Amino acid sequence: MATKPHYDADPSINVPETENGFNIPPRKLNIVWGNESRYWRLPSDSTPYVELIQVSWLEVTGSIDLSAGEQYEVTFKVSLASDAFGWNGCPVYVMAKFGKKGKYTWKRATLDKGTTTAGEVFSIPDPSLKITASGASNETTTLYFGLYEVWSGKWKGGLRIHEALVKKLPKTTSTST
């Protein structure tokens with residue numbers, strides 16, 4: 001039995017930037033009630049995702065240092081188990097902010113079983129959440145992001161989180177006429 005109920009991100013995991021952005025594995029995320037086997041199944045050699053067994057409070061968060069002055073998109077790659085429950089009519093929110101005192105930007109997503117195929121990996125939110133890091137482009141700032149459903153009080157389960165993805169968007173040039 002774990003000494004505390006919440007799973008803290010493994011600080012030894014390095015997340016290098018690739019051409020797809022930063023692919024953040026489940027072990028690099030903080031999971032409320034994640035150390036409780038009644039509620040979550042952590043990744044193993046045979047399952048690379050974290051699986052929600054049942055909770056009424058979904059809170060999975062992470063952070064990453066990024067360049068200021070850039071725009072990023074945040075998504076989670078997820079799937080639903082065939083026995084998933086509690087998601088119909090129960091929206092989840094992907095939220096992000098820069099800095100501890102920053103203001104959250106958020107997007108609502110749905111995981112209704114009628115719109116997804118069991119086991120199929122998909123991205124939420126769709127379209128992705130976009131956020132801009134303020135400040136000079138030579139500065140570094142921390143992006144805090146998460147996946148939440150803490151308002152309904154409904155029990156839900158069967159969600160599999162494969163990774164979080166933070167991707168720098170290309171700079172757009174504006175032309176005036």
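Welcome to the tour. Start with the aromatic rings: there are six aromatic pairs in this predicted model.

**Stop 1: Tyr39 and Trp155**

Select Tyr39 and Trp155 and show their side chains. The two rings form a stacked pair, with 6.4 Å from centre to centre and 25 degrees between the planes. Now colour the chain by residue number, and you will find that this pair links distant parts of the chain, 116 residues apart. Tyr39 sits in the loop between β3 and β4 (40-41), while Trp155 belongs to the loop between β11 and β12.

Is each of the two buried or partly exposed? Tyr39 has 17% relative accessibility, so it counts as buried, and Trp155, at 44%, counts as partly exposed. Before moving on, add Trp33 to your selection: Trp33, Tyr39 and Trp155 form one aromatic cluster.

**Stop 2: Phe76 and Phe145**

Next, select Phe76 and Phe145. Their ring centres are 6.1 Å apart and the planes meet at 55 degrees, so this pair is tilted. Phe76 is in strand β7 (residues 71-85) and Phe145 in strand β11, so the pair ties together parts of the chain 69 residues apart in sequence. Both Phe76 and Phe145 are buried.

**Stop 3: the five-stranded sheet**

Keep Phe145 in view and switch to a cartoon. What is the order of the strands in the open sheet? Five strands make it up, in the order β3-β6-β11-β8-β9, with antiparallel pairing. The edges are β3 (30-31) and β9 (105-109); each has a single partner strand, so one side of each has no neighbour in the sheet.

Walk across the sheet from the β3 edge. Two bridges join β3 to strand β6 (residues 58-67), and the two run antiparallel. To see this pairing at residue level, select Asn30, which stands opposite Thr61 in β6.

From β6, step to strand β11 (residues 140-149). Ten bridges connect β6 and β11, again in the antiparallel sense. Here Phe145 from the previous stop comes back: in β11, it stands opposite Gly62.

Then jump to the other edge of the sheet. Strand β8 (residues 92-98) is joined to β9 by five bridges, and the two are antiparallel. Pick out Tyr93 and look across to Arg108 in β9, which stands opposite.

**Stop 4: β1, β2 and β12**

Now go back towards the start of the chain and select residues 17-18 and 21-24, which are strands β1 and β2. How many residues lie between β1 and β2 in their hairpin? There are two. The strands pair in the antiparallel sense over two bridges, and Glu17 stands opposite Phe22 in β2.

β2 has a further partner to show: strand β12 (residues 157-168), which pairs with β2 in the antiparallel sense over three bridges. Select Asn23 and Leu165 to view this pairing, since they stand opposite each other.

**Stop 5: Ser128**

For the last stop, select Ser128, which is in strand β10 (residues 122-132). With 11% relative accessibility, Ser128 counts as buried. Which side chain makes a polar contact with the side chain of Ser128? That of Glu73 does, at 2.7 Å.

Finally, show the surroundings of Ser128. Apart from neighbours within four places in sequence, the residues in contact with Ser128 are Glu73, Val74, Thr75 and Lys107.

Terms used
Residues are numbered from 1 along each chain as its sequence is written. This is a predicted model: local features need pLDDT of at least 70, side-chain atom pairs count only at pLDDT 80 or more; totals for chains, interfaces and linings use all residues. Side-chain values use heavy atoms; hydrogens and water are left out. Two strands pair if DSSP finds at least two bridges between them. Helices (H or I, at least four residues) and strands (E, at least two) are DSSP runs, numbered from the N terminus. Buried means under 20% relative accessible area, exposed over 50%, partly exposed in between (1.4 Å probe, protein chains only). A polar contact is a pair of N or O atoms within 3.5 Å; within protein, one must be able to donate a hydrogen and the other to accept it, and residues adjacent in sequence count only if both atoms are side-chain atoms. Contact means heavy atoms within 4.5 Å. Rings of Phe, Tyr and Trp (its six-membered ring) pair if their centres lie within 6.5 Å; planes under 30 degrees apart count as stacked, over 60 as edge-to-face and the rest as tilted.
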